[in-house]
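New to reading protein models? Let's take one and go through it together, one feature after another.

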Amino acid sequence: MLTKKQLDLLEFIHKRVQRDGVPPSFDEMKDALDLRSKSGIHRLITALEERGFIRRLAHRARALEIVKLPDSLMSDMVGAFSPRVIEGDRPDTPPPARAKPVSTLDVAELPLMGKIAAGVPIEAIAHASRNVAVPGGMVSGPGQHYALEVKGDSMVDAGINDGDVVIIRETEVADNGDIVVALVEDHEATLKKFFRRGNAIALEAANPAYETRVLPEDKVKVQGKLVGLIRSY
């Protein structure tokens with residue numbers, strides 16, 4: 001579930017390290033991914049580091065170490081990858097198993113894929129940190145499901161608070177009024193109400209303090225729909 005920009009950056013860093021022995025500069029990364037500023041690269045690197053794919057080494061210039069590669073890149077680089085780039089080794093860890101179909105009376109284990117912004121968009125989530133137990137009724141519908149921790153207060157009027165865990169069913173389509181995980185410009189994710197307005201998509205908060213974001217439809221990708229919520233007290 002890495003975004004295309006995250007995959008492109010990881011592949012670019014890996015190939016440059018294999019070729020030159022050192023990672024590319026931030027300017028080189030920015031140009032390779034056709035981004036307007038280095039701030040986007042900083043966000044992508046932070047996201048990759050949080051997901052365990054790279055590590056920043058202290059007190060060294062351009063010090064990035066690739067810890068592992070996702071399966072989608074490994075299949076294109078059979079025999080080419082070793083998890084040692086600058087120094088040190090870390091074992092690759094298998095992705096968490098998908099939840100099996102369960103009855104409404106069972107308990108399912110879902111991967112918690114990190115945090116999702118209910119406010120200003122943050123980096124898209126793509127790597128499971130742990131599993132959470134959810135009632136079987138929340139995942140009894142078709143398709144794969146995953147969990148996200150909510151960060152922010154833009155959906156409070158819909159009963160979704162900061163710190164809640166939302167259960168998401170993977171889908172690429174949504175109806176007007178659905179609460180969705182929306183991927184914005186391939187690198188930022190947010191939890192919002194979905195509305196189609198002609199050739200544009202409106203991402204609407206459930207909090208009057210936040211303005212509705214209206215974006216061209218090719219800048220927004222639906223990643224899933226809200227099907228449940230878990231709250232701890």
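Below, a learner asks and a teacher answers.

Q: Where do I start, and how many helices and strands does the protein chain have?
A: Start with where the model comes from: this one is predicted. Then look at the main elements: the protein chain has four helices and 12 strands.

Q: What share of the residues counts as buried?
A: Burial is about how much of a residue's area stays accessible, and under 20% counts as buried. Here, 44% of the 233 residues of the protein chain fall in that group. The accessible surface of the chain adds up to about 12,100 Å², and carbon and sulfur atoms own 49% of that.

Q: Is Asp34 buried or exposed?
A: Anything over 50% relative accessibility is called exposed. Asp34 counts as exposed because its value is 69%. You'll find Asp34 in the loop between helix 2 (26-32) and helix 3 (38-50). Check its backbone too: phi is positive, about 55°, although Asp34 is not a glycine.

Q: And Asp153, which residues does it touch?
A: Skip the neighbours up to four places away in sequence, and Asp153 touches Ala118, Asn207 and Tyr210. Asp153 sits in the loop between strand 6 (145-151) and strand 7 (165-169). With 34% relative accessibility, Asp153 counts as partly exposed. Its C-alpha atom is 9.1 Å from that of Ala205, 52 residues away along the chain.

Q: What lies over the face of Phe53?
A: For this one, look for a charge above a ring. Lys68 is over the face of Phe53, 5.1 Å from the ring centre.

Technical notes. Residues numbered from 1 in each chain as written. Predicted model: local features only at pLDDT ≥ 70, side-chain atom pairs only at ≥ 80, totals over all residues. Heavy atoms only, no water. Helix = DSSP H or I, 4+ residues; strand = E, 2+ residues; numbered from the N terminus. Buried < 20%, exposed > 50% of the residue type's maximum accessible area, 1.4 Å probe, protein only. Lys NZ or Arg CZ within 6 Å of the ring centre and 35° of its normal. Areas by Shrake-Rupley, 256 points an atom, 1.4 Å probe, with all protein chains shown as cover. Contact = heavy atoms within 4.5 Å.
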